[in-house]
Amino acid sequence: MWFLRRMLRIPWTAKKINERVLNEANKRRSLVRTIRKRQATFLGHVVRRGKLEHLVTTRKFEGKRSRGRQREKIMDGLATWLGPGKMSDILAAVKDRDLWRDMIANAYKQGT
């Protein structure tokens, strides 16, 4: 954020929140989108291979759950990012590489 403040010549004494600086620069935060995109490409790679990682990411791995709040699963996060759809539809789309790449590109462009 410091480089935007420097480019816009906003002094460090100015009490401006980061959201306001981003609005002035006409920029959006993109870290979460980048993380989701990389998770989606990794999921496509893993599912097409069909090995142990595929079982783990699709929650077909048996065992005891740990105590406390459960971590967010990769598939759950991608399902909300890619839009409404069933897990079976997403896994079917992963098998077709071109369709999967188009889905990821569209979701990344929309900025969800």
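**Figure 1. A nonpolar patch on the surface is formed by Trp-2, Phe-3, Met-7 and Leu-8.** Together these four residues have about 500 Å² of accessible area. The model shown here and in the other views is predicted. Leu-8 sits in the loop between helix H1 (2–7) and helix H2 (18–25). With a relative accessible area of 33%, Leu-8 is partly exposed. Patch residues need over 30% relative accessible area, so Leu-8, at 33%, passes this cut-off.

**Figure 2. Arg-9, in the loop between H1 and H2, has a positive phi.** The angle is about 55 degrees, although Arg-9 is not a glycine. Arg-9 has a relative accessible area of 75%. Exposed means over 50%, so Arg-9 counts as exposed.

**Figure 3. Lys-16 and Glu-24 form a salt bridge.** The closest N and O atoms of the pair are 2.6 Å apart. Side chains of opposite charge can pair when their charged atoms come close. The structure holds 1 salt bridge. Both partners are partly exposed: Glu-24 has a relative accessibility of 38%, and Lys-16 has a relative accessible area of 29%.

**Figure 4. Asn-26 lies in the loop between H2 and helix H3 (31–49).** Phi of Asn-26 is near 55 degrees, a positive value in a residue other than glycine. Asn-26 is exposed, and its relative accessible area is 70%.

**Figure 5. Helix H5 (residues 74–82) contributes several buried residues.** They are Met-75, Gly-77, Leu-78, Ala-79, Trp-81 and Leu-82. An α-helix has 3.6 residues a turn, so residues three or four places apart point the same way. Just after H5 comes Gly-83, with a positive phi of about 110 degrees.

**Figure 6. Ala-93 of helix H6 (residues 87–95) is a buried residue.** Its relative accessibility is 5%. The cut-off for buried is under 20%, so Ala-93 falls within this class. Not counting residues up to four places away in sequence, Ala-93 touches Leu-99, Trp-100 and Met-103. For one of these contacts, the pair Ala-93 and Met-103, the C-alpha atoms are 8.5 Å apart in space, while the residues are 10 apart in sequence.

**Figure 7. Arg-48, Lys-95, Arg-97 and Arg-101 gather in a patch of positive charge on the surface.** Arg-101 belongs to helix H7 (residues 97–110). The relative accessible area of Arg-101 is 51%. The exposed class begins over 50%, so Arg-101 is counted as exposed.

**Figure 8. The whole protein chain, for orientation, has 7 helices and 0 strands.** From the N terminus on, the elements run α-α-α-α-α-α-α. The chain has 112 residues, and buried residues make up 25% of them. The accessible surface of the chain comes to about 9200 Å². Carbon and sulfur atoms account for 52% of this surface. Among contacts between residues at least 6 apart in sequence, 47% join residues at least 24 apart.

Methods
Residues numbered from 1 in each chain as written. Predicted model: local features only at pLDDT ≥ 70, side-chain atom pairs only at ≥ 80, totals over all residues. Heavy atoms only, no water. Helix = DSSP H or I, 4+ residues; strand = E, 2+ residues; numbered from the N terminus. Buried < 20%, exposed > 50% of the residue type's maximum accessible area, 1.4 Å probe, protein only. Contact = heavy atoms within 4.5 Å. Areas by Shrake-Rupley, 256 points an atom, 1.4 Å probe, with all protein chains shown as cover. Patch = residues over 30% accessible without salt bridge, like charges linked within 9 Å, V, L, I, M, F, W, Y side chains within 5 Å. Salt bridge = Lys/Arg side-chain N within 4 Å of Asp/Glu carboxyl O. Lys, Arg positive; Asp, Glu negative; His and termini not counted. Charge placed at Lys NZ, Arg CZ, Asp CG, Glu CD.
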